[in-house]
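Could you walk me through the overall fold and the aromatic contacts of this chain? A few short questions should do.

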Amino acid sequence: MKEIKTLILGNYQPDFVAKVQAVNPSTTHLRTFTEEDLRTYLPGTEILFLRSKPKMDPPTIDMAKHLRLILRAGVGLDHLDLPYLAEKNITVRSTPGANADAVAEHTLGMLLSLLHSIVQANREVSQFIWNRSPNRGTELSALTVGIVGYGHTGSALGRRIQYLAGKTLAYDKYKKGFGHEKVQEVSLHTLLAEADVISFHVPLTEETKHWVDEDFLAALDKPIWLLNLSRGPVVKLASLPPALESGVLKGVGLDVLEHEPLSRDKLTEEETQIYQALFDHPRVICSPHIGGWSHQSEEKILATLYRHFLTYLTSS
């Protein structure tokens, strides 16, 4: 195999980087990088490993004059200008399904924590507050769970939750014929009408951005528990505090937020107030986009990337 100039951007395990460099010594790893680094290294790069940064927009893509392959550690591609990459004949390979089990388990953990007030009860007990009745739980077996998006992560959740929920419904605009005895394939209208829990597992597109907003919540037939472990902007965060106070939302679990990574310095005063209202609410659980970030999923992601890498090397 001939050597190909390769650039690895972001935090990758040292043994993975060493493995790539062993078969292709012309590999540079930048754990952290600046715009100047991109201007220095991208022009000669043919293979690019990246995570959620940098944003591959036309100006950045134009810097990479020899780029032929992008290997994305993860599944989200909303930071990549895919039409422009295709126009430039640059192939993109990601790792669909590699973190599906991790996301599914994280979703289930968040949901059970909400239903049984585990996080709030822990906060209170740690402050020597003994509240039993206010923290009385709701059993999952008494509820109908609706899964919006039945791709890798949605179906991984379905495989787990079908044995715990009273009923499991699933909707996917772009996938048909996946229903079975334990998971009913339904229309979006039916799911919204019947589900007690709605969990989102969809990509971020113009169509899905702010899918959950004031109008969505106002149209619900009954109060629900809401979960988002897909992409932050799928849920308009400003719509959540009023819905929690009115009872339209019984609880909310968010592994993704509209602003990532979250930092006070990058928020307006209004945005800070919205976040604080969510964080202070006893029926809200948030985590820092770690749903798919288990030790096992990282191994699967890197193994998939390495296979893509070797396939390109051997075919070049």
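Here are some questions and answers on the chain and its aromatic rings.

This is a predicted model, where local features need pLDDT of at least 70, side-chain atom pairs count only at pLDDT 80 or more, and totals for chains, interfaces and linings use all residues. Residues are numbered from 1 along each chain as its sequence is written, and side-chain values use heavy atoms, leaving out hydrogens and water.

Q: What is the radius of gyration of the chain?
A: The value is taken over C-alpha atoms, and the globule rule is 2.2 Å times the number of residues to the power 0.38. For 316 residues, a compact globule would come near 20 Å, and the chain agrees with this at 22 Å.

Q: How do phenylalanine 200 and tryptophan 211 pair: stacked, tilted or edge-to-face?
A: Rings of Phe, Tyr and Trp (its six-membered ring) pair if their centres lie within 6.5 Å; planes under 30 degrees apart count as stacked, over 60 as edge-to-face and the rest as tilted. With 5.3 Å centre to centre and 70° between the planes, phenylalanine 200 and tryptophan 211 are edge-to-face.

Q: Is phenylalanine 200 buried or exposed?
A: Buried means under 20% relative accessible area, exposed over 50%, and partly exposed in between (1.4 Å probe, protein chains only). Phenylalanine 200 has 0% relative accessibility, so this residue counts as buried.

Q: Why are tyrosine 275 and phenylalanine 279 separated by about one helical turn?
A: Tyrosine 275 and phenylalanine 279 form a tilted pair, 5.8 Å centre to centre with 35° between the planes. Both belong to helix H11 (residues 269-280; helices, H or I, are DSSP runs of at least four residues, numbered from the N terminus). The turn follows because their spacing in H11 is 4 residues.

Notes
Helices (H or I, at least four residues) and strands (E, at least two) are DSSP runs, numbered from the N terminus.
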